[in-house]
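Biologist: I would be grateful for a close look at one part of this protein, its interior. Please set it in the context of the whole chain.

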Amino acid sequence: MTLNLSIPIILPPSVSQGFLGNLLWTQAPYFAATFILLVICAFPLLKTQSNVLLLNPKKSIFDFLHIGPKKSFFTEADGIIKRWLSGNPVKAARINTWDGEVILVPPHMVHEVKNERRLSLSLWLRKAFHAHLPGFEGFQEGGYHHDILKSTCNNQLNKNLAKFTQPLTDEARTAVSDIFTEQTEQTPNIVARCVARVFLGEEFARNPDWIRITRDYTLAGVPVGFLLRLWPVSWRPVVQWLIPGMSKLRKMMAEARQIVEPAVEKRNKQKAAGKTGFSDSLEWFDESARGKEYDHTGVQVFLSVAAIHTSTDLVCSTLVRLAQNPEILAPLRQEIATVLDESGWEKSSLQMMKLLDSVVKESQRMKPVAIGSFWFPAHDSSKDSTIAIPSYRMWDSEFYGNPEKWDGYRFCKMREEPGHENQHQLATISVDHFGFGYGRQPCPGRFYAADLVKTILIHIVMKLPPGLVKTHLRHPT
Ligand code: HEM
(Lines give C-alpha, C1' and ligand atoms only; values in the text may rest on other atoms or scores of the structure.)
Protein backbone atom coordinates (compact mmCIF):
# COMPACT_ATOMS: atom_id res chain seq x y z
CA MET A 1 0.00 0.00 0.00
CA THR A 2 1.35 3.44 -0.93
CA LEU A 3 0.79 6.50 1.15
CA ASN A 4 -1.14 9.26 -0.56
CA LEU A 5 1.04 12.24 0.19
CA SER A 6 -1.34 14.65 -1.46
CA ILE A 7 -3.78 14.24 1.36
CA PRO A 8 -2.86 16.61 4.14
CA ILE A 9 -2.75 15.16 7.59
CA ILE A 10 -5.14 17.22 9.56
CA LEU A 11 -4.98 16.92 13.28
CA PRO A 12 -8.12 17.64 15.26
CA PRO A 13 -8.05 21.26 16.49
CA SER A 14 -7.98 20.19 20.12
CA VAL A 15 -4.79 18.13 19.51
CA SER A 16 -2.87 20.74 17.48
CA GLN A 17 -3.79 23.68 19.72
CA GLY A 18 -3.01 21.73 22.85
CA PHE A 19 0.37 20.51 21.56
CA LEU A 20 1.51 23.84 20.08
CA GLY A 21 0.01 25.78 22.93
CA ASN A 22 1.94 23.69 25.45
CA LEU A 23 5.07 23.84 23.33
CA LEU A 24 4.92 27.62 23.05
CA TRP A 25 4.22 28.43 26.63
CA THR A 26 6.40 25.86 28.38
CA GLN A 27 9.33 25.77 25.94
CA ALA A 28 9.41 29.44 24.93
CA PRO A 29 12.10 30.51 27.43
CA TYR A 30 14.38 27.69 26.17
CA PHE A 31 13.83 28.70 22.54
CA ALA A 32 14.56 32.31 23.42
CA ALA A 33 17.74 31.39 25.33
CA THR A 34 18.94 29.13 22.46
CA PHE A 35 18.26 31.89 19.94
CA ILE A 36 20.21 34.47 21.97
CA LEU A 37 23.13 32.02 22.40
CA LEU A 38 23.20 31.34 18.66
CA VAL A 39 23.23 35.06 17.90
CA ILE A 40 26.09 35.60 20.38
CA CYS A 41 28.07 32.66 18.89
CA ALA A 42 27.46 33.81 15.35
CA PHE A 43 28.29 37.45 16.04
CA PRO A 44 32.09 37.10 15.87
CA LEU A 45 31.72 35.10 12.65
CA LEU A 46 29.64 37.87 11.10
CA LYS A 47 32.36 40.45 11.84
CA THR A 48 34.89 40.92 9.07
CA GLN A 49 37.95 38.88 9.96
CA SER A 50 41.12 40.96 9.93
CA ASN A 51 44.26 39.51 8.37
CA VAL A 52 46.47 41.50 10.76
CA LEU A 53 48.31 39.26 13.23
CA LEU A 54 46.39 38.88 16.52
CA LEU A 55 48.42 38.54 19.73
CA ASN A 56 46.94 37.12 22.93
CA PRO A 57 43.97 35.47 21.19
CA LYS A 58 41.16 33.92 23.17
CA LYS A 59 41.62 30.22 23.79
CA SER A 60 37.99 29.10 23.76
CA ILE A 61 35.13 30.03 21.44
CA PHE A 62 32.84 29.91 24.48
CA ASP A 63 34.81 32.72 26.15
CA PHE A 64 32.19 35.26 25.05
CA LEU A 65 33.34 37.92 27.49
CA HIS A 66 37.03 37.50 26.53
CA ILE A 67 37.87 36.82 30.17
CA GLY A 68 40.90 34.66 29.22
CA PRO A 69 42.74 37.30 27.11
CA LYS A 70 41.83 40.02 29.60
CA LYS A 71 43.43 38.05 32.41
CA SER A 72 46.49 36.98 30.41
CA PHE A 73 47.06 40.55 29.21
CA PHE A 74 47.09 41.67 32.82
CA THR A 75 49.75 39.14 33.83
CA GLU A 76 51.68 38.44 30.61
CA ALA A 77 51.50 41.59 28.44
CA ASP A 78 55.23 42.26 28.73
CA GLY A 79 56.19 38.73 27.59
CA ILE A 80 53.63 38.71 24.75
CA ILE A 81 54.84 42.06 23.38
CA LYS A 82 58.52 41.11 23.79
CA ARG A 83 58.00 37.86 21.85
CA TRP A 84 56.33 39.82 19.05
CA LEU A 85 59.14 42.41 18.97
CA SER A 86 61.85 39.76 18.99
CA GLY A 87 60.79 38.91 15.42
CA ASN A 88 61.52 42.54 14.39
CA PRO A 89 58.02 43.16 13.07
CA VAL A 90 57.69 45.53 10.14
CA LYS A 91 53.91 45.66 10.31
CA ALA A 92 51.42 46.47 13.04
CA ALA A 93 49.73 43.70 15.01
CA ARG A 94 46.54 43.50 17.04
CA ILE A 95 46.57 42.51 20.69
CA ASN A 96 43.66 41.58 22.95
CA THR A 97 43.96 43.68 26.08
CA TRP A 98 41.81 44.08 29.21
CA ASP A 99 39.93 46.74 27.31
CA GLY A 100 39.36 45.24 23.90
CA GLU A 101 41.60 45.07 20.89
CA VAL A 102 44.55 47.48 20.55
CA ILE A 103 46.66 48.04 17.46
CA LEU A 104 50.34 47.73 18.27
CA VAL A 105 52.58 49.84 16.06
CA PRO A 106 56.23 48.68 15.81
CA PRO A 107 58.52 51.17 17.60
CA HIS A 108 60.42 52.09 14.40
CA MET A 109 57.18 53.62 13.06
CA VAL A 110 56.95 56.13 15.91
CA HIS A 111 57.65 59.08 13.57
CA GLU A 112 54.72 58.13 11.40
CA VAL A 113 52.20 58.42 14.22
CA LYS A 114 53.74 60.87 16.65
CA ASN A 115 51.99 63.91 15.22
CA GLU A 116 48.78 62.18 14.22
CA ARG A 117 46.07 64.67 15.19
CA ARG A 118 43.30 62.09 15.26
CA LEU A 119 44.84 60.35 18.24
CA SER A 120 43.70 61.61 21.60
CA LEU A 121 44.90 60.69 25.11
CA SER A 122 41.83 62.30 26.69
CA LEU A 123 39.47 60.09 24.69
CA TRP A 124 41.40 57.05 25.84
CA LEU A 125 41.15 58.26 29.46
CA ARG A 126 37.37 58.66 29.12
CA LYS A 127 37.03 55.14 27.86
CA ALA A 128 39.58 53.37 30.02
CA PHE A 129 38.52 55.05 33.24
CA HIS A 130 34.75 54.92 32.82
CA ALA A 131 34.44 58.69 32.86
CA HIS A 132 30.65 58.45 32.69
CA LEU A 133 30.26 56.52 35.94
CA PRO A 134 29.79 58.17 39.37
CA GLY A 135 32.91 57.92 41.52
CA PHE A 136 35.28 58.26 38.55
CA GLU A 137 35.03 62.08 38.43
CA GLY A 138 38.71 62.27 39.36
CA PHE A 139 39.54 60.47 36.09
CA GLN A 140 36.66 62.09 34.20
CA GLU A 141 38.12 65.59 34.37
CA GLY A 142 41.34 64.33 32.73
CA GLY A 143 39.19 62.92 29.95
CA TYR A 144 36.84 65.85 29.43
CA HIS A 145 38.86 68.89 30.51
CA HIS A 146 42.39 67.88 29.68
CA ASP A 147 42.77 71.24 27.86
CA ILE A 148 42.33 73.04 31.21
CA LEU A 149 44.83 70.73 32.90
CA LYS A 150 47.32 70.92 30.08
CA SER A 151 47.13 74.68 29.86
CA THR A 152 47.55 74.99 33.65
CA CYS A 153 50.66 72.78 33.56
CA ASN A 154 52.15 74.49 30.51
CA ASN A 155 51.43 78.05 31.53
CA GLN A 156 50.95 78.68 35.24
CA LEU A 157 53.02 75.74 36.52
CA ASN A 158 55.95 75.34 34.13
CA LYS A 159 56.54 79.08 33.72
CA ASN A 160 56.74 79.58 37.48
CA LEU A 161 58.78 76.55 38.51
CA ALA A 162 61.56 78.70 40.00
CA LYS A 163 59.03 80.15 42.48
CA PHE A 164 58.18 76.69 43.77
CA THR A 165 61.70 75.50 44.54
CA GLN A 166 61.63 76.89 48.08
CA PRO A 167 58.14 75.71 49.16
CA LEU A 168 58.88 72.35 47.55
CA THR A 169 62.12 71.83 49.45
CA ASP A 170 60.51 73.07 52.71
CA GLU A 171 57.68 70.59 52.36
CA ALA A 172 59.98 67.75 51.26
CA ARG A 173 62.30 68.40 54.21
CA THR A 174 59.52 68.32 56.82
CA ALA A 175 57.66 65.46 55.12
CA VAL A 176 60.80 63.32 54.94
CA SER A 177 61.64 63.95 58.58
CA ASP A 178 58.01 63.43 59.71
CA ILE A 179 57.39 60.34 57.65
CA PHE A 180 60.59 58.70 56.42
CA THR A 181 61.73 57.48 59.81
CA GLU A 182 63.73 54.39 60.67
CA GLN A 183 60.56 52.35 60.92
CA THR A 184 58.48 53.63 58.08
CA GLU A 185 58.93 54.41 54.43
CA GLN A 186 55.82 56.11 53.21
CA THR A 187 56.91 57.71 49.99
CA PRO A 188 53.36 58.27 48.61
CA ASN A 189 52.58 60.44 51.64
CA ILE A 190 55.71 62.52 51.11
CA VAL A 191 54.86 63.00 47.43
CA ALA A 192 51.19 63.78 48.18
CA ARG A 193 52.25 66.50 50.64
CA CYS A 194 54.70 68.06 48.19
CA VAL A 195 52.12 68.01 45.37
CA ALA A 196 49.47 69.58 47.64
CA ARG A 197 51.91 72.25 48.86
CA VAL A 198 52.67 73.55 45.36
CA PHE A 199 49.14 73.22 43.99
CA LEU A 200 47.02 74.22 46.97
CA GLY A 201 49.26 75.62 49.69
CA GLU A 202 50.29 74.66 53.20
CA GLU A 203 46.74 74.24 54.58
CA PHE A 204 45.96 71.44 52.12
CA ALA A 205 49.45 69.91 52.50
CA ARG A 206 48.88 69.54 56.24
CA ASN A 207 45.28 68.32 55.97
CA PRO A 208 45.54 64.57 56.70
CA ASP A 209 42.18 63.88 55.03
CA TRP A 210 43.22 65.58 51.80
CA ILE A 211 46.54 63.71 51.78
CA ARG A 212 44.76 60.40 52.45
CA ILE A 213 42.15 60.99 49.71
CA THR A 214 44.57 62.15 47.02
CA ARG A 215 46.97 59.31 47.88
CA ASP A 216 44.32 56.57 47.99
CA TYR A 217 41.93 57.65 45.23
CA THR A 218 44.23 56.29 42.50
CA LEU A 219 44.86 53.11 44.49
CA ALA A 220 41.10 52.61 44.85
CA GLY A 221 40.16 53.68 41.31
CA VAL A 222 42.70 51.73 39.26
CA PRO A 223 41.72 48.21 40.50
CA VAL A 224 37.96 48.84 40.24
CA GLY A 225 38.60 50.35 36.81
CA PHE A 226 40.33 47.10 35.80
CA LEU A 227 37.53 44.98 37.27
CA LEU A 228 34.92 46.94 35.34
CA ARG A 229 36.86 46.51 32.12
CA LEU A 230 36.32 42.77 32.38
CA TRP A 231 32.67 43.49 31.52
CA PRO A 232 31.23 44.68 28.22
CA VAL A 233 30.87 48.48 28.10
CA SER A 234 27.07 48.34 28.01
CA TRP A 235 26.97 46.25 31.22
CA ARG A 236 29.25 48.51 33.24
CA PRO A 237 26.64 51.05 34.45
CA VAL A 238 24.83 48.14 36.12
CA VAL A 239 27.84 46.04 37.16
CA GLN A 240 29.47 49.04 38.88
CA TRP A 241 26.85 48.83 41.65
CA LEU A 242 27.92 45.25 42.40
CA ILE A 243 31.70 45.68 42.33
CA PRO A 244 33.28 45.91 45.78
CA GLY A 245 35.38 49.04 46.03
CA MET A 246 33.11 51.26 43.94
CA SER A 247 31.32 52.61 47.00
CA LYS A 248 34.71 53.48 48.55
CA LEU A 249 35.60 55.41 45.40
CA ARG A 250 32.30 57.32 45.46
CA LYS A 251 32.79 58.05 49.17
CA MET A 252 36.27 59.44 48.53
CA MET A 253 34.97 61.76 45.82
CA ALA A 254 32.25 62.99 48.20
CA GLU A 255 34.85 63.61 50.93
CA ALA A 256 37.10 65.44 48.45
CA ARG A 257 34.15 67.71 47.56
CA GLN A 258 33.63 68.54 51.22
CA ILE A 259 37.21 69.83 51.33
CA VAL A 260 37.50 71.58 47.94
CA GLU A 261 34.06 73.23 47.69
CA PRO A 262 34.37 75.33 50.87
CA ALA A 263 37.85 76.43 49.68
CA VAL A 264 36.37 77.49 46.31
CA GLU A 265 33.52 79.36 48.07
CA LYS A 266 35.99 81.13 50.36
CA ARG A 267 38.10 82.10 47.36
CA ASN A 268 35.07 83.44 45.49
CA LYS A 269 34.11 85.59 48.49
CA GLN A 270 37.67 86.92 48.80
CA LYS A 271 37.70 87.79 45.13
CA ALA A 272 34.28 89.42 45.38
CA ALA A 273 35.70 91.54 48.20
CA GLY A 274 38.43 92.72 45.83
CA LYS A 275 41.34 90.56 47.01
CA THR A 276 43.81 89.60 44.27
CA GLY A 277 47.22 87.99 43.78
CA PHE A 278 46.31 84.36 44.42
CA SER A 279 48.79 81.83 43.10
CA ASP A 280 47.56 78.29 43.43
CA SER A 281 45.76 75.76 41.30
CA LEU A 282 42.27 76.99 42.37
CA GLU A 283 43.20 80.19 40.59
CA TRP A 284 45.15 78.59 37.72
CA PHE A 285 42.32 76.26 36.73
CA ASP A 286 39.84 79.17 36.67
CA GLU A 287 42.21 81.18 34.46
CA SER A 288 42.76 78.23 32.12
CA ALA A 289 39.03 77.42 31.93
CA ARG A 290 38.20 80.93 30.62
CA GLY A 291 34.62 80.73 31.80
CA LYS A 292 34.09 77.13 30.76
CA GLU A 293 32.25 74.98 33.35
CA TYR A 294 34.36 72.30 35.02
CA ASP A 295 34.34 70.22 38.17
CA HIS A 296 36.62 72.02 40.68
CA THR A 297 37.04 68.92 42.81
CA GLY A 298 37.42 66.57 39.84
CA VAL A 299 40.37 68.49 38.36
CA GLN A 300 42.17 68.62 41.70
CA VAL A 301 41.71 64.89 42.19
CA PHE A 302 42.79 64.18 38.59
CA LEU A 303 45.96 66.17 39.15
CA SER A 304 46.74 63.94 42.10
CA VAL A 305 45.98 60.87 39.98
CA ALA A 306 48.43 62.14 37.34
CA ALA A 307 51.12 63.27 39.78
CA ILE A 308 51.27 61.23 42.99
CA HIS A 309 51.74 57.59 42.05
CA THR A 310 53.77 58.30 38.93
CA SER A 311 56.21 60.39 40.96
CA THR A 312 56.17 57.95 43.88
CA ASP A 313 57.00 55.17 41.45
CA LEU A 314 60.01 57.10 40.15
CA VAL A 315 61.27 58.01 43.64
CA CYS A 316 60.96 54.36 44.72
CA SER A 317 62.51 52.93 41.52
CA THR A 318 65.47 55.23 42.04
CA LEU A 319 65.82 54.26 45.71
CA VAL A 320 65.79 50.59 44.71
CA ARG A 321 68.59 51.20 42.18
CA LEU A 322 70.60 53.11 44.79
CA ALA A 323 70.22 50.19 47.18
CA GLN A 324 71.41 47.83 44.46
CA ASN A 325 74.32 50.11 43.53
CA PRO A 326 75.47 51.64 46.84
CA GLU A 327 78.86 52.66 45.40
CA ILE A 328 77.13 55.58 43.64
CA LEU A 329 75.84 57.08 46.91
CA ALA A 330 79.11 58.79 47.90
CA PRO A 331 79.61 60.69 44.60
CA LEU A 332 75.89 61.51 44.53
CA ARG A 333 75.95 62.99 48.02
CA GLN A 334 79.13 64.83 47.15
CA GLU A 335 77.49 66.42 44.09
CA ILE A 336 74.38 67.44 46.05
CA ALA A 337 76.37 68.89 48.95
CA THR A 338 78.73 70.87 46.69
CA VAL A 339 75.93 72.39 44.59
CA LEU A 340 73.80 73.29 47.62
CA ASP A 341 76.82 74.81 49.39
CA GLU A 342 77.74 76.92 46.40
CA SER A 343 74.30 77.88 45.05
CA GLY A 344 71.70 77.11 47.73
CA TRP A 345 68.17 75.91 46.98
CA GLU A 346 67.50 77.39 43.55
CA LYS A 347 65.86 75.92 40.46
CA SER A 348 69.24 76.22 38.70
CA SER A 349 70.85 74.15 41.48
CA LEU A 350 68.68 71.18 40.57
CA GLN A 351 69.82 71.54 36.96
CA MET A 352 73.46 71.58 38.04
CA MET A 353 73.10 68.16 39.71
CA LYS A 354 73.83 66.21 36.55
CA LEU A 355 74.62 62.91 38.27
CA LEU A 356 71.34 63.02 40.21
CA ASP A 357 69.43 63.76 36.99
CA SER A 358 71.17 60.88 35.23
CA VAL A 359 70.56 58.45 38.11
CA VAL A 360 66.81 59.21 38.08
CA LYS A 361 66.50 59.11 34.28
CA GLU A 362 68.35 55.80 34.13
CA SER A 363 66.07 54.35 36.82
CA GLN A 364 63.07 55.50 34.77
CA ARG A 365 64.59 53.97 31.63
CA MET A 366 64.89 50.61 33.34
CA LYS A 367 61.35 50.74 34.75
CA PRO A 368 59.01 53.36 33.26
CA VAL A 369 55.45 53.74 34.56
CA ALA A 370 54.08 52.17 31.37
CA ILE A 371 55.39 49.75 28.77
CA GLY A 372 53.54 51.58 26.02
CA SER A 373 52.72 55.07 24.92
CA PHE A 374 50.04 56.55 22.66
CA TRP A 375 47.18 54.55 24.09
CA PHE A 376 44.71 56.71 22.21
CA PRO A 377 41.52 55.93 20.33
CA ALA A 378 41.43 57.53 16.92
CA HIS A 379 38.60 59.95 17.53
CA ASP A 380 37.12 60.31 14.11
CA SER A 381 37.17 56.61 13.47
CA SER A 382 33.82 54.89 13.33
CA LYS A 383 35.52 51.80 14.70
CA ASP A 384 36.54 51.87 18.33
CA SER A 385 40.25 51.37 17.85
CA THR A 386 43.13 52.17 20.15
CA ILE A 387 46.72 52.53 19.01
CA ALA A 388 49.79 51.85 21.15
CA ILE A 389 53.53 52.06 20.61
CA PRO A 390 55.54 49.82 22.91
CA SER A 391 58.28 51.66 24.83
CA TYR A 392 60.84 48.90 24.21
CA ARG A 393 63.37 51.18 22.52
CA MET A 394 64.36 52.10 26.05
CA TRP A 395 65.92 48.63 26.33
CA ASP A 396 67.24 48.37 22.78
CA SER A 397 71.00 47.87 22.26
CA GLU A 398 70.71 49.97 19.09
CA PHE A 399 70.23 53.02 21.33
CA TYR A 400 71.82 52.05 24.63
CA GLY A 401 75.03 50.09 25.23
CA ASN A 402 74.46 47.25 27.68
CA PRO A 403 70.77 48.19 27.93
CA GLU A 404 69.85 45.63 30.59
CA LYS A 405 72.42 47.04 33.03
CA TRP A 406 71.61 50.03 35.25
CA ASP A 407 74.30 52.68 34.77
CA GLY A 408 73.78 55.76 36.94
CA TYR A 409 76.33 57.71 34.88
CA ARG A 410 74.77 56.78 31.52
CA PHE A 411 72.98 60.05 30.75
CA CYS A 412 75.77 62.12 32.34
CA LYS A 413 78.18 60.56 29.86
CA MET A 414 75.77 61.13 26.97
CA ARG A 415 75.55 64.81 27.92
CA GLU A 416 79.36 65.09 27.78
CA GLU A 417 79.27 64.47 24.02
CA PRO A 418 79.66 67.75 22.11
CA GLY A 419 76.30 69.21 21.13
CA HIS A 420 74.44 66.99 23.61
CA GLU A 421 75.03 69.11 26.74
CA ASN A 422 71.37 70.09 27.04
CA GLN A 423 69.91 66.80 25.88
CA HIS A 424 69.17 63.58 27.76
CA GLN A 425 67.86 65.41 30.82
CA LEU A 426 65.20 63.85 33.00
CA ALA A 427 62.33 65.88 31.56
CA THR A 428 63.53 65.57 27.94
CA ILE A 429 61.34 63.33 25.80
CA SER A 430 62.83 61.47 22.85
CA VAL A 431 62.16 58.56 20.50
CA ASP A 432 64.33 56.30 22.63
CA HIS A 433 63.00 57.35 26.06
CA PHE A 434 59.24 57.31 26.56
CA GLY A 435 59.41 57.83 30.34
CA PHE A 436 57.04 60.82 30.12
CA GLY A 437 55.33 59.76 26.91
CA TYR A 438 56.07 61.09 23.44
CA GLY A 439 54.42 62.75 20.47
CA ARG A 440 51.62 65.31 20.63
CA GLN A 441 50.57 64.70 24.21
CA PRO A 442 53.56 63.98 26.39
CA CYS A 443 53.25 64.59 30.14
CA PRO A 444 52.84 68.36 30.62
CA GLY A 445 53.78 68.02 34.30
CA ARG A 446 57.20 66.47 33.61
CA PHE A 447 59.27 69.58 34.42
CA TYR A 448 57.59 69.91 37.79
CA ALA A 449 57.75 66.12 38.27
CA ALA A 450 61.51 66.20 37.66
CA ASP A 451 61.99 68.90 40.32
CA LEU A 452 59.64 67.13 42.72
CA VAL A 453 61.32 63.72 42.41
CA LYS A 454 64.84 65.16 42.66
CA THR A 455 63.97 67.35 45.66
CA ILE A 456 62.48 64.44 47.59
CA LEU A 457 65.43 62.21 46.72
CA ILE A 458 67.91 64.85 47.85
CA HIS A 459 66.23 65.02 51.25
CA ILE A 460 66.11 61.25 51.62
CA VAL A 461 69.66 60.62 50.42
CA MET A 462 71.14 63.46 52.50
CA LYS A 463 69.10 62.64 55.61
CA LEU A 464 70.25 59.07 55.90
CA PRO A 465 73.55 58.64 57.74
CA PRO A 466 75.80 56.35 55.61
CA GLY A 467 75.30 53.38 57.93
CA LEU A 468 71.55 53.67 57.68
CA VAL A 469 71.40 53.66 53.91
CA LYS A 470 71.48 49.88 53.83
CA THR A 471 68.67 49.56 56.39
CA HIS A 472 66.41 52.04 54.66
CA LEU A 473 67.07 51.24 51.06
CA ARG A 474 66.45 47.56 51.32
CA HIS A 475 67.74 45.53 48.42
CA PRO A 476 64.66 44.15 46.63
CA THR A 477 64.37 40.40 46.56
C1 HEM B 1 57.45 60.94 37.47
C2 HEM B 1 56.24 61.42 37.38
C3 HEM B 1 55.39 61.36 36.14
C4 HEM B 1 55.41 60.49 35.09
C5 HEM B 1 56.35 59.32 34.86
C6 HEM B 1 54.35 60.91 34.18
C7 HEM B 1 54.07 60.28 32.98
C8 HEM B 1 53.03 60.64 32.15
C9 HEM B 1 52.72 59.96 30.93
C10 HEM B 1 53.48 58.76 30.36
C11 HEM B 1 51.65 60.58 30.39
C12 HEM B 1 50.93 60.20 29.09
C13 HEM B 1 51.64 60.76 27.93
C14 HEM B 1 51.69 59.79 26.78
O15 HEM B 1 51.18 58.67 26.87
O16 HEM B 1 52.27 60.17 25.74
C17 HEM B 1 51.27 61.66 31.28
C18 HEM B 1 50.22 62.51 31.08
C19 HEM B 1 49.89 63.52 31.94
N20 HEM B 1 50.59 63.93 33.05
FE21 HEM B 1 52.23 63.06 33.81
N22 HEM B 1 53.73 62.00 34.70
C23 HEM B 1 54.33 62.32 35.89
C24 HEM B 1 54.03 63.35 36.73
C25 HEM B 1 53.08 64.29 36.47
C26 HEM B 1 52.83 65.44 37.31
C27 HEM B 1 53.62 65.82 38.56
C28 HEM B 1 51.79 66.10 36.75
C29 HEM B 1 51.14 67.37 37.19
C30 HEM B 1 51.78 68.42 37.51
C31 HEM B 1 51.39 65.37 35.55
C32 HEM B 1 50.36 65.73 34.72
C33 HEM B 1 49.96 65.01 33.60
C34 HEM B 1 48.79 65.35 32.82
C35 HEM B 1 47.80 66.50 33.08
C36 HEM B 1 48.73 64.41 31.77
C37 HEM B 1 47.68 64.32 30.67
C38 HEM B 1 48.14 65.13 29.48
C39 HEM B 1 47.09 65.32 28.41
O40 HEM B 1 45.92 65.00 28.61
O41 HEM B 1 47.47 65.81 27.33
N42 HEM B 1 52.19 64.28 35.42
N43 HEM B 1 52.15 61.68 32.34
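What percentage of the 477 residues in the protein is buried?

Modeller: This is a predicted model, and in it 38% of the 477 residues in the protein are buried. The secondary structure consists of 20 helices and 5 strands. Among contacts with a separation of 6 or more, 69% join residues 24 or more positions apart.

The interior can be described through its nonpolar cores. The largest nonpolar core holds 81 residues. Within this core, the residues that touch the most other members are Cys194, Val195, Ala196, Val453, Ile456 and Leu457. Helix H14 contributes the largest share of this core, 12 residues. Beyond its neighbours within four places in sequence, Cys194 is in contact with Leu168, Glu171, Ala172 and Ala175, and also with Leu452 and Ile456. Apart from the largest core lies another core, of 11 residues, which includes Ile80, Leu104, Ala388 and Ile389.

Helix H14, which spans residues 296-324, also takes part in the surroundings of the ligand. There H14 gives the most to the shell, with 6 residues. Helices H4 (121-128), H6 (146-157) and H19 (446-463) likewise each supply at least two residues of this shell. Of the 29 residues around the ligand, those that come nearest are Ala307, Thr310, Gly437, Cys443 and Gly445. By character, the shell comprises 18 nonpolar, 10 polar and 1 charged residues. Helix H14 thus appears in both descriptions, with 12 residues in the largest core and 6 in the shell around the ligand.

How values were computed
Residues numbered from 1 in each chain as written. Predicted model: local features only at pLDDT ≥ 70, side-chain atom pairs only at ≥ 80, totals over all residues. Near = placed C-beta within 6 Å. Helix = DSSP H or I, 4+ residues; strand = E, 2+ residues; numbered from the N terminus. Nonpolar A, V, L, I, M, F, W, Y, C, P; charged D, E, K, R; others polar. Buried ≥ 20, exposed ≤ 12 C-beta atoms within 10 Å, placed from the backbone. Contact = placed C-beta atoms within 7 Å. Core = buried A, V, L, I, M, F, W, Y, C linked by C-beta atoms within 7 Å.
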